Structures are given as structure tokens and as C-alpha cells.
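This briefing is meant for a reader who is meeting the structure for the first time. It begins with a term that is needed later and then goes through the structure topic by topic.

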Amino acid sequence: LHTPRNLLVTGGAGFIGANFVHWIAANHPNVHVTVLDALTYAGNRASLNGVDPNRLTFVRGDICDRTLAERLLHEHGIDTVVHFAAESHNDNSILDASPFLTTNVTGTYTLLEAVRRERDEHGRDIRFHHISTDEVYGDLALDEPRKFTETTAYNPSSPYSASKAASDHLVRAWHRTYGLATTISNCSNNYGAYQHVEKFIPRQITNILAGIRPKLYGQGLAVRDWIHVDDHCDAVWRILTHGRVGETYLVGADGERSNIDVLRMILSRMGLPEDAFDHVNDRPGGDRRYAIDASKIMRELGWRPRHADFARGLDQTIDWYRTHEDWWRPAKAATEEKYRLQGH
Ligand code: NAD
Ligand code: TDX
């Protein structure tokens, strides 16, 4: 059993990282969090508003800055790193893969080396949890019964997923070669508050709120396995405290739905006809289907999703975007303009 006291959360101003910091603040009052975030286009300091300032230290900086990473680990007495920071959007990776290689690959390498140095120079073993994605496994056919498991072969499709796959391999290598105390989770598609308006669900909700027709890639037959972000946060905590070092855990909530079904649900719950959307260009090389078999984390760590009612979670998410226009509005026009240029 591991008891985190001083967390370093990289990417804590992004979607899942910010939800994780709020989740820690609400559920684990004895834990102090240091956030390291570069505040790229995807990061927003305001996503951490409301967290008790006595329990949060925010540092704006880059995970590729080794001196900074080493200093934070040492001076802040960090015992646990939860590594969310990444370039996370597939469409962006197709336009320009370079920041994906830098942040996702070199950034992860830099953090691993900083953890190794703290152990070798100061004798402090720091737990390192790497946040990854089911996309490293490639895709499944729409109709095959198979789901991804911890032993599925890596087969990433996009520059984004290839960079995440590379980062997973680095984490395993630093465990095996240098004995770092690492764990990895590969989670399915998250939804909830604070998700950037470039992503599928928030894009459609905020389009409707802004009077723009929702945009469906291709025929919308691709399937994603949706999980509420709070269930992902809970799973990460289970792994930190009860997970076995060196192991990988898949996280998913049996939430498979086609994109067109999700879009129709959003339209009808927001009071619009289910066909009030446009078909736009599909994503080149787009993955057809993801599906997670989460039996390992359920069996070994007793984790269960608590937000299994997707319609309810979607309603809460729609409400959140309705009441937080000040949060999403500043990013909206530039995001839509970028999509327009790609025919999305
Ligand atoms: P996001 O794009 O919303 O947030 C990423 C955060 O990382 C931002 O705050 C950004 O400022 C920060 N960041 C980017 N580059 C940085 C750098 N070089 N140094 C420091 N900070 C940097 O992403 P997200 O959706 O919250 O995803 C978080 C993690 O979870 C990623 O590793 C992603 O691969 C993984 N993941 C996401 C999903 C999903 O559905 N969103 C599913 C599974 C796994
Ligand atoms: O406007 C849109 N219309 C549309 O039909 C957008 C933005 C997307 N789509 C489709 C493409 C995908 O089939 O919706 C699906 C979901 O797209 P994204 O929200 O971009 O997510 P995805 O590519 O599945 O990746 C997400 O889940 C896995 C996260 O962005 C990744 O960071 C995570 O690893």
C-alpha cells in the first residue's frame, strides 16, 4: 500500500488533470498537490479555481525542463507523480506532430530521468503513475466481440497515439532497467466538465449554445467507449494506493456508443431535432472502434465506475457548459476556424 502525501500533477490545468486535482481536494484532504503545467492552448489556470490555495501550488513550466522537474521533485518533497501532461488531440497531431513528439515522448523521458536522479542522489523513491490511452492498441472492427486487454499488442494509428505508445514503452523500460516504481493506466474516452471545445462532446454542446450546427465526421459510425472523468480519477487513485508497481491497468466503463448516437442524444437533450447537424470530412486514418475490458482493475483493485448512467452524465455536462460560457467562449472561435480550414 502506498500513501501519497505530496503529489506532483503534470498537466493539472488540462481537462482530466484539473478534474483530478478537484477530486483530490474533495476526497483526500491530507494530500498536497503541486501542479506543473505549461499552460499551452489546452491548459487553463481558471480550471483550478476553487481549490483551497493552502493545498495547491501551481507552477507554470514545461515538463521538458529537466532542471525545473528535478528542483520540484526535491524541494517540494514529492512522493508521487501523476503524469497527465500531453498534447492530446488527434486532429492537431495530423496537422503537426512535432509538439506531440516533444511533450509526449521527450517530456515523459525527462520526468522519468528526474525521478531516477532523485532516487540516485537523494535516496528517495518516488512513485510515478503514467496516464495513457486505449488508443495505443489501435482500433477494433465495429462488429468483433473482442475488447482491449492489458495484453493486447500495441498498434497505434495516429501521430498522437504513436507518441503515447512511445511514452508507455519508456515508462516500462525505466521500471525494468532502472527499477523505478512505475504504474500505467490506459483509459477510454473521458467526458465531463473542463474539456476543451476541440473535443467531440464539448464541441457539439458549445456549437449548439453558440448557434452553430454540430459537425459529425463521416457517417458517425465510429464507436467510442465513454467514461465519466470522475470515474477515471477514482481509478487513478486506486492504482496509486493499491496498484502493483510495474503493472498496467486498463480503465473503462462499458460505455460503447457510436458518434451519431451520442450526437443525437446531445441534440434531443438540448431540445433540437436529431437531424440538425452537418456531415463533415472524416479524420484521415480515423480509428473505428475502441472498447475496454476493465476486468483486471475491477478484480485486483476493486474499482467500479459510479457514473454508469451516460444520459445523466451527459445532462450534467450540458448544464456545466451552459453555466460556464465564460470558461469556454474565449477558445471557441479559433477552434472552429482551425476546423473550418481542415474541412471538419
Ligand atoms: P488536455 O489537452 O485537456 O490537457 C493537457 C494539459 O497538459 C494542458 O493543461 C497543457 O497545458 C499541459 N501541457 C501540454 N504540454 C505540456 C508541457 N510540455 N509541459 C507541461 N504541461 C503541458 O488533455 P486531457 O484530455 O486532460 O488528457 C490528459 C492525459 O490523459 C493525456 O496524457 C492523455 O493522453 C490522457 N488521456 C486522455 C483521454 C481523454 O479522453 N481525454 C483518455 C485517455 C487518456
Ligand atoms: O467535431 C467532431 N466530430 C466528430 O464526429 C470531432 C471533434 C470529433 N468527431 C469524432 C472523431 C472521433 O471518432 O468523434 C470521435 C471522438 O473524437 P475526439 O473527441 O477527438 O476523441 P478521440 O480521437 O477518440 O480521442 C480522445 O480519446 C482518447 C482524446 O482526445 C484522446 O486524448 C484520448 O487518448
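Helices, of type H or I and at least four residues long, and strands, of type E and at least two, are taken from DSSP runs and numbered from the N terminus. The model described here is a predicted one. The protein holds 11 helices and 13 strands, and because its radius of gyration of 19 Å is close to the 20 Å that the globule rule gives for 344 residues, it is as compact as a globular protein of that length.

**Overall build**
- Taken along the principal axes, the box filled by the C-alpha atoms of the protein is roughly 60 × 45 × 35 Å.
- Buried residues make up 46% of the 344 residues of the protein.
- When contacts between residues at least 6 apart in sequence are considered, 81% of them join residues at least 24 apart.

**Surroundings of ligand 1**
- There are 30 residues around ligand 1, and those that come nearest are Gly11, Gly14, Phe15, Gly43 and Ala86.
- Two or more residues of this shell come from each of the elements α1 (15-27), α4 (98-122) and β5 (127-133), and α1 gives the most, with 3 residues.
- By residue class, the shell around ligand 1 divides into 13 nonpolar, 13 polar and 4 charged residues.

**Annotated domain**
- An unreviewed UniProt entry lists residues 8-307 as "domain: NAD(P)-binding".
- Across residues 8-307 the chain is 39% helix and 17% strand, while the C-alpha atoms at the two ends of this stretch are 26 Å apart.

Definitions and conventions: Residues numbered from 1 in each chain as written. Chains lettered and ligands numbered in written order. Predicted model: local features only at pLDDT ≥ 70, side-chain atom pairs only at ≥ 80, totals over all residues. Rg over C-alpha atoms; globule rule 2.2 N^0.38 Å. Buried ≥ 20, exposed ≤ 12 C-beta atoms within 10 Å, placed from the backbone. Contact = placed C-beta atoms within 7 Å. Near = placed C-beta within 6 Å. Nonpolar A, V, L, I, M, F, W, Y, C, P; charged D, E, K, R; others polar. UniProt positions renumbered as here; feature names shortened; annotations may be inferred.
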